Amino acid sequence: MPLPPPSTDTTILVTGASSGIGEAIARELAGRGYNLFLVARRRARLESLARELDVEVDLLAADLATDRGRAKVLRAVRGGERELIGVVNNAGQAGFGDVVEHDPKDEEAIFRTNALALFDLTNQLVRDLVDRGEGAILNIGSITAFAPFPNNATYAATKAFVHSFSEALHSELSGTGVSCTVASPGPTRTPIWERSDGGGLEGLGGPLVWQSAEQVAREAVDGMAGGRRTVLPGLTNKVASLAQRFTPRTALLPVTRAVTKFAM
Ligand SMILES: NC(=O)c1ccc[n+]([C@@H]2O[C@H](COP(=O)([O-])OP(=O)(O)OC[C@H]3O[C@@H](n4cnc5c(N)ncnc54)[C@H](OP(=O)(O)O)[C@@H]3O)[C@@H](O)[C@H]2O)c1
């Protein structure tokens with residue numbers, strides 16, 4: 001199995017563990033016996049999660065959108081007591097509304113967190129795992145990777161990058177003992193919607209469309225443990241991703257824009 005079994009002297013890095021899917025992934029991995037290295041900006045939330053988990057937890061407050069924050073994480077992970085056997089790049093931000101309506105700095109923060117930070121941590125840490133000869137990377141993408149998304153343009157573009165990079169890396173890693181899995185959740189009930197002005201879209205389409213963070217985390221961690229290339233949690237998302245890939249953009253773009261504008 002690409003993700004080695006848990007042991008006292010190893011750990012898994014989980015970014016964005018202070019809420020939502022990242023917190024659920026941390027709980028899922030801890031439930032399977034893995035020690036954790038948790039990262040997000042809100043230290044207090046990481047500390048309270050760490051107190052609840054029955055494994056060894058290191059934690060670090062860092063802003064992954066900054067070069068300094070990522071350097072701090074890399075130093076701490078590499079200098080830690082436990083050897084790294086897994087990386088979960090989950091931290092992410094969204095921003096509903098037109099690009100030109102947003103502060104350029106906010107759009108850039110989405111790009112830096114979702115694409116640059118994920119790329120940087122993967123690009124650096126995959127080498128450590130390959131040297132070790134075992135390990136697993138789980139990158140959290142999105143169903144928005146499969147088509148451009150007006151009213152969430154930068155976010156969807158970063159997720160297209162995550163998907164393409166992760167799938168190619170998975171192929172390149174063949175035979176190294178290391179795997180790279182990309183999970184592409186659809187709509188999931190987490191604070192990201194309120195935090196990104198997309199609260200009006202929450203619940204749209206009903207319970208068949210929406211998953212819990214725990215459901216997504218379970219499927220994503222199963223995929224990571226099995227060294228799978230891709231994970232598309234939920235049946236509805238599997239169907240939706242096909243529609244996104246094969247509907248002509250001339251039809252898809254105005255519909256996506258109209259639905260999101262109406263709901264927001
Ligand atoms: N919810 C959905 O419907 C959905 C669907 C598809 C994909 N996803 C993806 O799932 C991942 C988790 O999102 P979520 O829905 O669980 O949202 P969430 O509850 O808002 O969690 C986002 C996490 O990322 C962390 N984060 C954001 N910016 C950061 C930064 N600059 N540096 C460090 N940490 C940062 C946040 O922690 P701090 O604020 O404490 O830093 C938080 O822990 C994201 O990659 C998102 O794109 C979500």
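In sorting residues by class, Ala, Val, Leu, Ile, Met, Phe, Trp, Tyr, Cys and Pro count as nonpolar, Asp, Glu, Lys and Arg as charged, and the others, Gly among them, as polar. With these classes in hand, the shell around the ligand of this predicted model can be described: it has 11 nonpolar, 12 polar and 4 charged residues. Of the 27 residues around the ligand, those that come nearest are Gly16, Gly20, Arg41, Gly92 and Ile192. Helix 1, residues 20–31, and helix 6, residues 192–195, each supply at least two residues of the shell. The largest share, 3 residues, is that of helix 1.

We turn next to the sheet. It is open and is formed by 7 strands with parallel pairing, in the order 3-2-1-4-5-6-9. Its edges are strand 3 (57–61) and strand 9 (230–231), each of which pairs on one side only. Within the sheet, strand 1 (residues 10–15) and strand 4 (residues 83–89) are joined in the parallel sense over 5 bridges. Here Thr11 stands opposite Leu84 in strand 4.

Helices pack against this sheet. Helix 2 (residues 43–52) touches strand 2 (36–40) and strand 3, and its direction makes about 170° with that of strand 3. Helix 3 (residues 67–79) lies across strand 1, strand 2, strand 3 and strand 4, and runs at about 160° to strand 3.

The interior may be considered next. In soluble globular proteins, nonpolar side chains tend to be buried together. In this model the largest nonpolar core has 59 residues, and those with the most contacts inside it are Val14, Ile25, Leu36, Leu38 and Ala220. Helix 7 (residues 213–225) contributes the largest share of this core, 7 residues. What does Ala220 contact, leaving aside its neighbours within four places in sequence? Ala220 is in contact with Ile25, Leu138, Ile140, Ala183, Val231 and Pro233. Apart from this core lies another, of 6 residues, including Ala94, Ile110, Tyr155 and Ala156.

Finally, two loop residues deserve attention for their backbone angles. Asn151 has a positive phi of about 80° although it is not a glycine. Asn151 is placed in the loop between strand 5 (135–140) and helix 5 (153–172). Asn151 counts as buried because it has 23 C-beta neighbours inside 10 Å, where the cut-off is 20 or more. Asp197, also a residue other than glycine, has a positive phi near 65°. Asp197 lies in the loop between helix 6 and strand 8 (211–212). With 17 other C-beta atoms within 10 Å, Asp197 is partly exposed.

Definitions and conventions:
Residues numbered from 1 in each chain as written. Predicted model: local features only at pLDDT ≥ 70, side-chain atom pairs only at ≥ 80, totals over all residues. Near = placed C-beta within 6 Å. Helix = DSSP H or I, 4+ residues; strand = E, 2+ residues; numbered from the N terminus. Pairing = 2+ DSSP bridges. Contact = placed C-beta atoms within 7 Å. Axes fitted to C-alpha atoms, helices over the stretch in contact; angles between N-to-C directions. Core = buried A, V, L, I, M, F, W, Y, C linked by C-beta atoms within 7 Å. Buried ≥ 20, exposed ≤ 12 C-beta atoms within 10 Å, placed from the backbone.
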